[in-house]
Amino acid sequence: MPGTRFGAYEIVSSLGAGGMGEVYRARDSRLGRDVALKILPEEAGKDPERIARFRFEAQAASALNHPHILTIYEIGEAVSDGLSRSYIAMEYIAGETLRARTARTRDDVAETLRFLIEIAEGLTKAHEAEIVHRDLKPDNIMIAADSYAKILDFGLAKLVSGSRTESEATTVFAPQTATGVLVGTPSYMAPEQVSGDSVDARADIFAFGVVAYEALTGQRAFPGATLAECIRQVLTVEPPRMRTLDERIPPELQRVVGRCMAKDRNVRYGSMREVMADLRRASDRMRDGARQFRRLV
C-alpha cells in the first residue's frame with residue numbers, strides 16, 4: 001500500500017506485476033529520489049532458480065551502462081510482513097511505453113525511426129557485452145518524458161559466449177534455460193526461440209524487427225489470439241509488407257525491418273550494429289528528402 005516502508009524505501013504506488021516481480025514507484029529516503037522498485041514475489045523467494053534469475057537481471061542490466069538501457073541502482077533484501085524479500089532498485093522513468101507512444105504519434109515516421117535507432121543502440125551495447133535480452137517487446141521499452149527510448153526488463157536475459165576471452169567477457173552469472181523451454185513473449189519471439197532451440201543475438205534482431213513493424217504500421221506482425229496460433233504465425237506466416245499498410249514508410253526502411261524478421265536466422269543481419277548503421281542511413285535519406293521537398297515548395 002502507498003506509504004508502506006520497505007527497507008530504505010517508501011512505496012508511492014504500484015506500477016505493475018509480472019512473473020519476475022512486483023514493481024512499485026518508491027521514494028529513496030537516503031537520496032531523496034524516486035525509484036522503480038522490483039520486489040521478488042513471496043512464493044518465488046523459495047525457488048532458487050527464480051532467485052538466481054532475479055539477481056541475474058540486476059547484474060546484467062547494471063553491467064550495461066548506456067543511455068538507452070534502464071539504470072540499476074542496487075540489489076538487496078529487506079523485510080516486509082516479517083519476510084525477507086529480494087529487490088532491485090532501478091531508475092524510475094516518467095513516460096509511457098513505446099506501444100502507447102506510437103499509438104498516439106504513429107503519423108510521425110521520423111520520430112518513430114529515431115526511437116528505433118536508440119533501441120538499436122541499446123541492444124548493440126547489450127550484445128557486445130554478450131547479453132541477449134530474449135523478451136524485447138513494445139511494453140519493455142519506455143519513452144521517457146524527454147523523448148528518450150529506454151530498454152527495460154532483463155529478467156529473461158541470457159549470457160552467450162562469444163569470441164572474446166574470459167577476462168574480456170561480462171562477469172555475470174546467467175541461470176541456464178533448458179533446450180525446449182519456451183522463454184519470452186511468443187508473438188515477438190524468433191522461430192528458433194518458439195521452437196525451443198538455442199538462441200543468440202539474432203533472436204533479439206528478429207524481435208526488434210517485429211517491434212519496429214508494429215511501431216511503424218500500427219499493426220502487430222503476428223496477431224494470433226492463442227499461443228498455438230502465435231507460434232504457427234511466427235513459424236510459417238509472412239506479415240503484409242509494411243508499405244502496403246502505410247505508403248509513407250520508405251522502401252529502405254521496409255527492407256531493413258524485413259531482413260530483421262527473416263525466418264531463417266542466417267538471412268537476418270549478423271549484428272545489431274549492422275541494423276543500427278542501416279537505420280541511420282535510412283534516417284539520413286529521409287531528412288535529405290524532406291529538405292529537398294521544402295526547397296521545391
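H5 and H8 cross with left-handed geometry, and that crossing is a handy way into this predicted model. H5 spans residues 201–217 and gives the largest nonpolar core its largest share, ten residues. From there we can look at its two helix partners, the core itself, and a buried histidine in a loop.

**H5 against H8**
- The axes of H5 and H8 (residues 251–260) come within 7 Å and cross at roughly 140°.
- That angle makes H5 oblique to H8, since only angles over 145 degrees count as roughly antiparallel.
- On the H5 side, the residues meeting H8 are Ile205, Phe206, Phe208, Gly209, Ala212, Tyr213 and Leu216.
- H8 answers with Leu253, Val257 and Cys260.

**H5 against H3**
- H3 covers residues 109–128, and its axis comes within 11 Å of the H5 axis, crossing at roughly 165°.
- H3 and H5 are therefore roughly antiparallel to each other.
- This crossing is right-handed, whereas the one between H5 and H8 is left-handed.
- H3 brings Val109, Thr112, Leu116, Ile119, Ala120, Leu123 and His127 to the contact.
- Facing them from H5 are Ala201, Asp204, Phe208, Ala212, Ala215 and Leu216.
- Phe208 turns up in the H5 contacts with H8 and again in those with H3; Ala212 and Leu216 also meet H8 as well as H3.

**The nonpolar cores**
- Nonpolar side chains tend to be buried together in soluble globular proteins.
- Here, the largest nonpolar core has 68 residues.
- Ile119, Phe154, Phe208, Val275 and Leu279 have the most contacts inside that core.
- Its largest share, ten residues, comes from H5.
- Leaving aside residues up to four places away in sequence, Phe154 touches Glu57, Ala61, Leu64, Ile69, Ala126, Ile131 and His133.
- There's also a second, separate core of ten residues, with Tyr9, Ala26, Leu37 and Ala78 among them.

**His68, tucked into a loop**
- Look for His68 in the loop between helix H1 (48–62) and strand S5 (72–80).
- His68 counts as buried because its relative accessibility is 4%, and the cut-off is under 20%.
- Its side chain reaches the backbone oxygen of Ala149 at 2.9 Å.
- Ala149 is also one of the residues His68 touches, along with Tyr148, Lys150 and Ile151.
- Glu118, Glu121 and Gly122 are further contacts of His68, again not counting residues up to four places away in sequence.

Notes:
Residues numbered from 1 in each chain as written. Predicted model: local features only at pLDDT ≥ 70, side-chain atom pairs only at ≥ 80, totals over all residues. Heavy atoms only, no water. Core = buried A, V, L, I, M, F, W, Y, C linked by side-chain atoms within 4.5 Å. Buried < 20%, exposed > 50% of the residue type's maximum accessible area, 1.4 Å probe, protein only. Helix = DSSP H or I, 4+ residues; strand = E, 2+ residues; numbered from the N terminus. Contact = heavy atoms within 4.5 Å. Polar contact = N/O pair within 3.5 Å; in protein donor to acceptor, adjacent residues only side chain to side chain. Axes fitted to C-alpha atoms, helices over the stretch in contact; angles between N-to-C directions. Parallel < 35°, antiparallel > 145°, perpendicular 65-115°, else oblique. Left-handed = near helix turned anticlockwise from the far one by under 90°.
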